Amino acid sequence: MNYSTLKKTVALSFASLMVAGLANAQTDSTKTTATTTSSETSTAKVFGGLGQYRKFSIGVNGGVTSQSLATGGSSDFQKKKLSLGYGISLKEQLAHSFALQLDLNGGKIKGENDGTGGTYRDSYVSYDTKFWQGSLSAVVNVATIDFIRRKNAVNFYFKGGFGLAMYDPTITRINNGTQVTGHFKNNGTDGTHYVKELVIPVGAGVKFRLSDAVALDLGYTQNYVDGDNLDGFNRKYPTKDHYSYGYAGLEFTLGSKSKPVLEWVNPVAMMYDELYDAALRQEVEALKGRVANVETAVNDLKKDSDGDGVADQFDKCPGTAAGSVVDGSGCVIVFPKADSTAAPAATAYSNIQFEFDSSVLRTSSYPVLDATSADLRSSGSAVEVDGFASSEGTAAHNLSLSKDRANSVKTYLVNSGVDAKKVKVKGYGETNPIADNSTEEGRVLNRRVQFKKK
């Protein structure tokens, strides 16, 4: 195959692969996005881990090699010739935008000089280097987030790594006016002719998704060799040889078809699908219903049908007239009229009355308490002080209140000279009322302490 035929073959191959990739990408981009989920996003969740994806893939590629680089640089041979290269790869995708890739490449690199023999450099007519190369590279995808399509159709990437190159330069030189061809290393012996050097591959490329399992890969790699003998011409000063490889190939994803391919998943579409997941929306609607029920219950608790300021659930006297003054239980407070007649003399052991929800002694009760104290001190009798409460509030609260009222009376008696051992205290809460608790007049009478002489 001559140079012209090689160029035509490579050009036609690249054109065919590019057209196929672009046609598939265009078809994918025109697909409807009305569906709520795709097969890829239905089996993977955001933050679900690598185990839910297909990560491994293998690739095959072929293309052309050259001693020149797209970024420039000098070469020992002035005339650049294209040659064939080929390779296989194994890749593990570790994230949407990052992967590790093992490449194995082979092929030939060629170059020529004028071959006049006029200078030392011109005495090197041509070279033909057969090479093998293995390298490990990091691959970084660019623009993996797509706000236009649900699934990515095109991925651009950059790659870089390190590896080992084994190559066998065959040199044609002019020696005493005659062209002589031989190996660079161990020429004329039966030993190995391969040179081993470290190599740094740096490249870029673009992939077109043909299907969930197959992608078209077009790329270009510049390889920097840690030696000046790739072309068989070691110029004896610190320069390094290099070569480039432009290729087209196919990449096949491995693994179960039920899992999405990590490299082609669009994180935006995944988050969108999780946000609009039917089950999640049902849970949200159910939560809204529960919140509405709680709000209704709270409103019911605050409901005050008669407008007296006491909620219905606490109102023991519903239907009070508007503008009525009520107590904590919603019942009308009837204020006793002032008695203009002279108060009768205090009688010992009369009931001691208290204000609503209070255990503080009224000053009006002092005469009765003084008379009771005087009788107890003179007779040496014992007495039981029984506290009571009206029915407002809870039973437990009223029981505690009744004991406090009885203790207030006992404290007064003891402070006035009565032997504390002679006074016994009991609380009965809202039990044993002496009047009707449904009226304010009755509740006033029930807020009391009464004596039981022993």
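Two strands count as paired when DSSP finds at least two bridges between them, and the views below, taken from a predicted model, make use of that rule.

**View 1. An open sheet of 4 strands.** Here the strands follow the order 11-14-12-13, with mixed pairing. At the edges stand strand 11 and strand 13 (423–427), each with a single partner strand, so one side of each has no neighbour in the sheet.

**View 2. Where strand 12 meets strand 13.** These two strands run parallel and are joined by 5 bridges. Look for Glu384, which stands opposite Lys424 in strand 13. Helix 5 packs on the sheet too, touching strand 11, strand 12, strand 13 and strand 14. The direction of helix 5 makes about 160° with that of strand 13.

**View 3. Helix 4 and its buried side.** Helix 4 spans residues 366–379, and its 14 residues reach 20 Å from first C-alpha to last, close to the 20 Å expected. Val368, Leu369, Thr372, Ser373 and Leu376 are buried in this helix. Because they cover an arc of only 130° around the axis, they lie on the same side of helix 4. Follow the chain just past the helix and you meet Gly380, with a positive phi of about 75°.

**View 4. What the buried residues of helix 4 pack against.** Their partners are strand 11 (352–353), strand 12 (383–387), helix 5 (395–415) and strand 14 (448–453).

**View 5. Stepping back to the whole protein.** The protein holds 6 helices and 14 strands, and 39% of its 454 residues count as buried. Its accessible surface comes to about 24300 Å², with 60% belonging to carbon and sulfur atoms.

Technical notes: Residues numbered from 1 in each chain as written. Predicted model: local features only at pLDDT ≥ 70, side-chain atom pairs only at ≥ 80, totals over all residues. Heavy atoms only, no water. Expected span 1.5 Å × (residues − 1). Buried < 20%, exposed > 50% of the residue type's maximum accessible area, 1.4 Å probe, protein only. Arc of directions from axis to C-beta. Contact = heavy atoms within 4.5 Å. Areas by Shrake-Rupley, 256 points an atom, 1.4 Å probe, with all protein chains shown as cover. Axes fitted to C-alpha atoms, helices over the stretch in contact; angles between N-to-C directions.
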